[in-house]
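Me: I'd like to learn how to read a structure like this one, feature by feature. Can you walk me through it?

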Amino acid sequence: MVPIIVIAILFVLVLWVITSYNSLIRLRTQVEEAFSTMDVYLKKRFDLIPNLVSTVKGYAKHESETLEKVIAARNSGVTQTAEQVMEQENQITGALRQIFALSENYPDLKANSNFIELQNTLQSIESDIANSRKYYNGCVKIYNIKCTTIPSNIIASIFNFEKKPMFEVADVAERENVKVEF
């Protein structure tokens, strides 16, 4: 009778390990897919930046410092880790914000159909990026909870499943409430 109980306990234990491991694999794959989706939108935006910069250059020749920042952020090198991608993406977002602020100083630029089309396309992509960030962060949250809660954290530590970084706002000023004045 004792050997049957021991075999049953071992069977349940092995089943639990397999189930936990497969669950962690599934969640890690979902996080990677979410990051890849976000990366597709970032690449799309990355490819539009030269068109935007060349359109703006014609109108704002003496604003070359802002345009150089945008190009530098775009060309800052091939990133390898999720943290590097997130940092580069935050730099590009800030640089694009500066370009759109420039358009306020140049009425002709604001009326240029190429600029308007590029701006609308970028705004659409920014919306897609924001949605993909939310999806990524949701996947990361579920995965990180699984990696850190008992008993699945035991399997996570044995098989080296590590927490993934959340995509966070880098600029503290973006977290503050917007003041609306008339």
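Reply: Sure. Keep in mind that this is a predicted model. Ask away.

Me: Let's start with the fold. How many helices and strands does the protein have?

Reply: Begin with the secondary structure tally: there are 6 helices and 0 strands. Along the sequence that reads α-α-α-α-α-α.

Me: What share of the contacts links residues 24 or more positions apart?

Reply: Here you look at how far apart in sequence the touching residues are. Among contacts with a separation of 6 or more, 76% join residues 24 or more positions apart. For a concrete case, take L48, which sits in helix α1. Set aside its neighbours within four places in sequence, and L48 is in contact with L118, T121, L122 and I125. L48 and L118 are 70 residues apart along the chain, yet their C-alpha atoms are separated by 7.6 Å.

Me: Is L48 buried or exposed?

Reply: For that you check the relative accessible area, where under 20% means buried. L48 comes out at 16%, so it counts as buried. Over the whole protein, 32% of the 182 residues count as buried.

Me: And the outside? How much surface does the protein expose?

Reply: About 11800 Å², with carbon and sulfur atoms supplying 58% of it. You can also look for places where nonpolar side chains gather on the surface. V2, V6, L10 and L13 make a nonpolar surface patch of about 360 Å². L10, one of that group, is found in helix α1 and is partly exposed, at 46% relative accessible area.

Me: Now aromatic rings. How many aromatic pairs are there, and what does the one with Y21 look like?

Reply: You judge a ring pair by two values, the distance between centres and the angle between planes. Rings count as a pair when their centres lie within 6.5 Å, and planes over 60 degrees apart make it edge-to-face. The count is 3 aromatic pairs. In one of them, Y21 and F159 sit 4.8 Å apart centre to centre with 65° between the planes, so this pair is edge-to-face. Y21 lies in helix α1 (residues 2–59) and F159 in the segment after α6 (152–158), so the pair ties together parts that are 138 residues apart in sequence.

Me: Which residues do the ring pairs link into a cluster?

Reply: Y21, F159 and F161. As for accessibility, Y21 is partly exposed at 31%, and F159 is partly exposed too, at 40%.

Me: What about cysteines? How many disulfides should I be looking for?

Reply: The general idea first: a disulfide is a covalent bond between the sulfur atoms of two cysteines. In this model the count is 0 disulfides. You can still ask where the cysteines sit. C139 is buried, with a relative accessible area of 5%, and C147 is buried as well, at 8%.

Me: One last try at putting it together. Where is N144, and what does N144 touch?

Reply: Go in three steps: element, burial, contacts. N144 has its place in helix α5 (residues 113–148). Its relative accessible area is 9%, which makes N144 buried. Leaving out residues up to four places away in sequence, N144 touches K163 and K164. Try the same three steps on L48: helix α1, buried at 16%, and in contact with residues including L118 and I125.

Methods
Residues numbered from 1 in each chain as written. Predicted model: local features only at pLDDT ≥ 70, side-chain atom pairs only at ≥ 80, totals over all residues. Heavy atoms only, no water. Phe/Tyr/Trp six-rings, centres within 6.5 Å; stacked < 30°, edge-to-face > 60°. Helix = DSSP H or I, 4+ residues; strand = E, 2+ residues; numbered from the N terminus. Buried < 20%, exposed > 50% of the residue type's maximum accessible area, 1.4 Å probe, protein only. Contact = heavy atoms within 4.5 Å. Areas by Shrake-Rupley, 256 points an atom, 1.4 Å probe, with all protein chains shown as cover. Disulfide = S-S within 2.5 Å. Patch = residues over 30% accessible without salt bridge, like charges linked within 9 Å, V, L, I, M, F, W, Y side chains within 5 Å. Salt bridge = Lys/Arg side-chain N within 4 Å of Asp/Glu carboxyl O.
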